[in-house]
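Colleague: Please take a close look at the largest nonpolar core of this model. Which residues have the most contacts inside it?

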Amino acid sequence: MKAERSLSSWRASAVDWIHNAVEQMPDTPSTSWHVAQPTLDARRAALEVLREESVPDDLVPIAMNVTHDRGVLIEWQNGDKELDLEILADGELEASKWRGTDLVEELPLQKSYWRLRPLFEWLASSK
Amino acid sequence: MAVTPAVPRGQRQDDPIGVVDGLIVWRGIDPLQAWNAGNFNPQALSTRIASAVFNTEELSTKASDRISLADLRLKLPGWKFAEFTVGEARGLGYVALRDPTEPLDVVLYSGADPNLPPANALPKKLSKLARLV
C-alpha cells in the first residue's frame, strides 16, 4: 500500500480549500458573476492533481479558481511561460501551455496524470 | 451555462453604436471563486486577474454610463472588479451589445463565434489587459 505523503504548505492549503471553501458556494449561482460549487467529479480530480507527485512542490500555482462551468482552473507561471490545468465538470483534464498570451499547446489529458511531468518540465526549463 | 443567457444564441451581434468603444465596463469577481495563492507565491500579485473570471460564453458586465463603481461597491461589499473598455475587448476579438434583459449591463461574446464559449486564448488575453479596481 502506498503511504500517504505529507503535503507541502501550499498543497495542504489548496486541498483544504477544495474540501472546505468550495462548500460555501451555492449549487445555483444567484447571478452570472457568482460561481457555482464545482461538481464532485471536478473536486475529486482537483484533489488528485494537488496530491500528484509529478506536480512539483517548488512550483506554487499563481492562481486556482472555480470556473463558471463548475470546474477548477489551476495556473502556474515561470517567467513568461504559463501552464494551465483545467479540471472540467466531468473530472477530465485539459492542459494549455502559454508564452505570454500566445497559446503554445493545448491538450486533453484524460486522467493520464503521468503526462503531467513533461508539462512541468517544460514550465521549469529555461527554453 | 448555469444562468439563463441574456441574449439567445443566433441574436448576438456587435452593436458599435449602442456600445461605444470608449465605454468602461466592470466585471465583478466573486470573492469565493479563488484560492489565496498570494499567501504562498509572491508572483501571484494582488493585481492579477485570473482568466477563469472571464471564461464564460456570455460575459456580463456593468456599464459605467448606467451605474457607478461606487454604487457597485455598495451592492457587492468586499468584491473586486475587473475594469476594461469595450474597445479594448473588441480589439481582442469580442463583440459587445446591451443586455436587453438588464439595462445596466453590457454583454460580450467571442467574435469568432458568439454562439460558443470563447477559445481559451480570449479570456486569457482579457485577464492580462483588464485592470483590478
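Modeller: In this predicted model, the largest nonpolar core comprises 59 residues, and those with the most contacts inside it are Ile87(A), Ala96(B) and Leu108(B). The greatest contribution to this core comes from helix α2 of chain A, residues 40-51, which supplies five residues. Leu108(B) touches Ala96(B), and its other contacts, leaving aside residues up to four places away in sequence, are Leu59(B), Thr61(B), Ala89(B), Tyr94(B) and Val95(B).

Chain B, to which Leu108(B) belongs, contains three helices and six strands, arranged from the N terminus as β-β-α-β-α-β-β-α-β. Of its 133 residues, 38% count as buried. Helix α3 of chain B, residues 121-129, has Leu122(B), Pro123(B), Lys124(B), Lys125(B), Leu126(B) and Ser127(B) as its buried residues. Their cover includes β3 (80-85), α2 (86-92) and β5 (105-110) of chain B, together with β4 (93-99) of chain A.

As to the contact between the chains, 32 residues are taken from chain A and 26 residues from chain B. On the side of chain A that touches chain B, α1(A) gives the most, with five residues. That side divides into 17 nonpolar, 13 polar and two charged residues.

Within chain B, 80% of the contacts with a separation of 6 or more are between residues 24 or more positions apart. The C-alpha trace of chain B spans about 45 × 30 × 30 Å along its principal axes. Its radius of gyration of 15 Å agrees with a compact globule, because a globule of 133 residues would have a value near 14 Å.

Technical notes:
Residues numbered from 1 in each chain as written. Chains lettered and ligands numbered in written order. Predicted model: local features only at pLDDT ≥ 70, side-chain atom pairs only at ≥ 80, totals over all residues. Core = buried A, V, L, I, M, F, W, Y, C linked by C-beta atoms within 7 Å. Buried ≥ 20, exposed ≤ 12 C-beta atoms within 10 Å, placed from the backbone. Helix = DSSP H or I, 4+ residues; strand = E, 2+ residues; numbered from the N terminus. Contact = placed C-beta atoms within 7 Å. Nonpolar A, V, L, I, M, F, W, Y, C, P; charged D, E, K, R; others polar. Rg over C-alpha atoms; globule rule 2.2 N^0.38 Å.
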